[in-house]
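Take a moment to turn the model around before reading on. Then we can walk through it piece by piece.

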Amino acid sequence: MIDTDALIVGAGPVGLFQVFELGLLEIKAHVVDSLAAPGGQCIELYPDKPIYDIPAVPRSTGRELVDSLLKQIEPFGATFHLGQEVTVVRKEADGRFHVETSKGTRFLAKTVFVAGGVGSFQPRRLKVDGLDKYEGTQLFHHVKTPAAFAGKQLVIVGGGDSALDWALHFAQDGPDKAESVILLHRRDGFQAAPASIAKMRALCDAMQMQFIVGQITGLEEHEGRLTAVKVTGGDAVTRVVPLDALLVFFGLSPKLGPIADWGLDLERKQVVVDTEKFETSVPGIFAVGDVNTYPGKKKLILSGFHEATLAAFGAAPYVFPDKRIQLQYTTASPKLHKLLGVE
Ligand code: FAD
């Protein structure tokens, strides 16, 4: 059981800035995110696209913004628990919150900040009977260790950048080169970088990989192993395609998920908050960023930054009931300079 002043659910841009605002008030935070890396939508959906409306930052890509936020919060030493979803948030008799994640990490938190954005991103799945049991052994929705696929027969499903990028990665000469790569997509049209599509077609012409139009309609198994998938093509013919591993890249879909079960007042799948402290209907639980709703709400990063600032001040009395909290300027306050490590 980890004791903490603050537990932040979500490491998107707003969850990250929440660490900063809490840090200035000497409130230590732990941060949990279901994704393997911090950054939320900025990293998952538009890492290389420029954002133009962050105050005083004329242009920054999603990735650059997240890198800057991570640098900015460094002095506060928040602990990150990534790749795990917060499943349980329950108020205990002493007013603290019992928080649990899908990996069994447990916290006792004085305050909780829900910065869950549009929810936790889950990979969209291929719906074929009997397939799910191969998850992590022969069925994958992301590639953690590319070397694990070297020398294997791979079937890669999808028509977006991830499917194309990994197909090219494993089909080309290099340490991770697979024995064979078959790219499978339901139509002969892609939503991916034109250069990747051209490269894929060139590799197919050079017989270094294959592209099949079709959908998986069944499996072949032998002694507990997935040996092949049945692929039904546009010509209605079903072919058996042998494989060692199936990589499915259908994108990520956001799901509010467990946040809906924590007893918070919701309005159209968003958490209702006040605009003084961005506190939810449960005292001690705050909600900031895209996940919350209030009159006039705009789902923008800069709104989330403002909300995180007021939420931190709103939370301080729960953490330090006897302390008078004063607003101090980072330019001028020796105390803040000490916290920021800039003395
Ligand atoms: P998110 O970025 O959604 O992060 C939430 C995080 O919480 C996610 O990482 C998720 O995995 C995690 N999470 C959720 N539930 C759980 C749980 N139960 N347990 C653990 N983790 C959980 N905004 C702008 O201001 N300017 C722009 O130019 C702009 N451009 C955009 C372009 C695109 C294509 C998109 C899609 C959005 C854009 N936005 C822009 C919106 C902006 O990205 C969002 O407002 C911002 O990401 C919200 O930040 P957040 O931290 O609230 O949530």
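## A walk through the fold

Strands β1 and β2 (residues 29-33) run parallel and are joined by four bridges. Keep in mind that this is a predicted model. To find one of the pairs by eye, look for Ala 6, whose bridge partner in β2 is Ala 29. Between the two strands you'll meet helix α1 (residues 13-24), and β1, α1 and β2 together make a right-handed β-α-β unit.

β1 has another partner too. Strand β1 (residues 2-9) pairs with strand β8 (residues 106-114), again in the parallel sense, over seven bridges. Here you can look for Thr 4, which stands opposite Ala 109 in β8. If you're new to sheets, it helps to know that strands pair through backbone hydrogen bonds, either parallel or antiparallel.

## Two domains, two cores

Now zoom out. The chain is divided into domain 1, made of 2-122 plus 253-340, and domain 2, which covers 125-250. How far apart do the C-alpha centres of domain 1 and domain 2 lie? The answer is 37 Å.

Next, look for the greasy parts. The largest nonpolar core has 53 residues, and Val 112, Phe 113 and Val 114 have the most contacts inside it. Helix α6 supplies the largest share of this core, with eight residues. A second, separate core has 29 residues, among them Trp 166, Val 181, Ile 182 and Leu 247.

Val 112 is a nice one to click on. Not counting residues within four places in sequence, Val 112 is in contact with Leu 7, Val 9, Val 89, Phe 97, Val 99, Gly 284 and Ile 285.

## Sheets further along the chain

There's an open sheet of seven strands with mixed pairing, in the order β10-β16-β11-β12-β13-β14-β15. Its edges are β10 (139-140) and β15 (238-242), and each has a single partner strand, so one side of each is left without a neighbour in the sheet. Inside that order, strand β11 (residues 153-157) and strand β12 (residues 180-185) run parallel and are joined by five bridges. Val 155 has Ile 182 as its bridge partner in β12.

Another open sheet has three strands, ordered β18-β19-β21, also with mixed pairing. The edge strands here are β18 (266-267) and β21 (292-293), each pairing on one side only. Two bridges join β18 to strand β19 (residues 270-272), and these two run antiparallel. Leu 266 stands opposite Val 271 in β19.

Here are some of the strand pairs side by side:

| Strand pair | Direction | Bridges |
|---|---|---|
| β1 and β8 | parallel | seven |
| β1 and β2 | parallel | four |
| β11 and β12 | parallel | five |
| β18 and β19 | antiparallel | two |

## What the UniProt record adds

An unreviewed UniProt entry places the feature "domain: FAD/NAD(P)-binding" at residues 5-293. Over residues 5-293 the chain is 18% helix and 35% strand, and the end C-alpha atoms are 25 Å apart.

The unreviewed UniProt entry also has a "binding site" annotation covering Asp 33, Gln 41, Tyr 46, Val 86, Phe 121, Asp 290 and Thr 331. Why do they not all gather at one spot? They span 299 residues in sequence, and the farthest two C-alpha atoms are 37.7 Å apart, so a single spot doesn't hold them all.

Let's pick two of these annotated positions. Asp 33 sits in strand β2. Is Asp 33 buried or exposed? Asp 33 counts as buried, because there are 29 C-beta neighbours inside 10 Å. Its contacts, leaving aside neighbours within four places in sequence, are Gly 10, Ala 11, Pro 38 and Leu 82. Thr 331 is found in the loop between α6 (301-319) and α7 (334-340). Thr 331 has 7 other C-beta atoms within 10 Å, so this residue is exposed.

## One last stop: Phe 249

Phe 249 lies in the loop between β16 (245-248) and β17 (252-255). Don't let the word "loop" fool you: Phe 249 is buried, because 23 other C-beta atoms lie within 10 Å. Leaving out residues up to four places away in sequence, Phe 249 touches Val 157, Gly 158, Gly 160, Ser 162 and Ala 163. Try finding Phe 140 as well: Phe 249 and Phe 140 are 109 residues apart along the chain, yet their C-alpha atoms are separated by 8.6 Å.

Notes:
Residues are numbered from 1 along each chain as its sequence is written. This is a predicted model: local features need pLDDT of at least 70, side-chain atom pairs count only at pLDDT 80 or more; totals for chains, interfaces and linings use all residues. Two strands pair if DSSP finds at least two bridges between them. A crossover is right-handed if, with the strands pointing away from the viewer, the path from the first strand over the helix to the second runs clockwise. UniProt positions are given in the numbering used here, feature names are shortened, and annotations may be inferred rather than shown by experiment. A residue is buried if 20 or more other C-beta atoms lie within 10 Å of its own, exposed if 12 or fewer, and partly exposed in between; C-beta atoms are placed from the backbone. Two residues are in contact if their C-beta atoms, placed from the backbone, lie within 7 Å. Domain bounds come from an automatic or database domain assignment. A nonpolar core is a set of buried Ala, Val, Leu, Ile, Met, Phe, Trp, Tyr and Cys residues joined through C-beta atoms within 7 Å.
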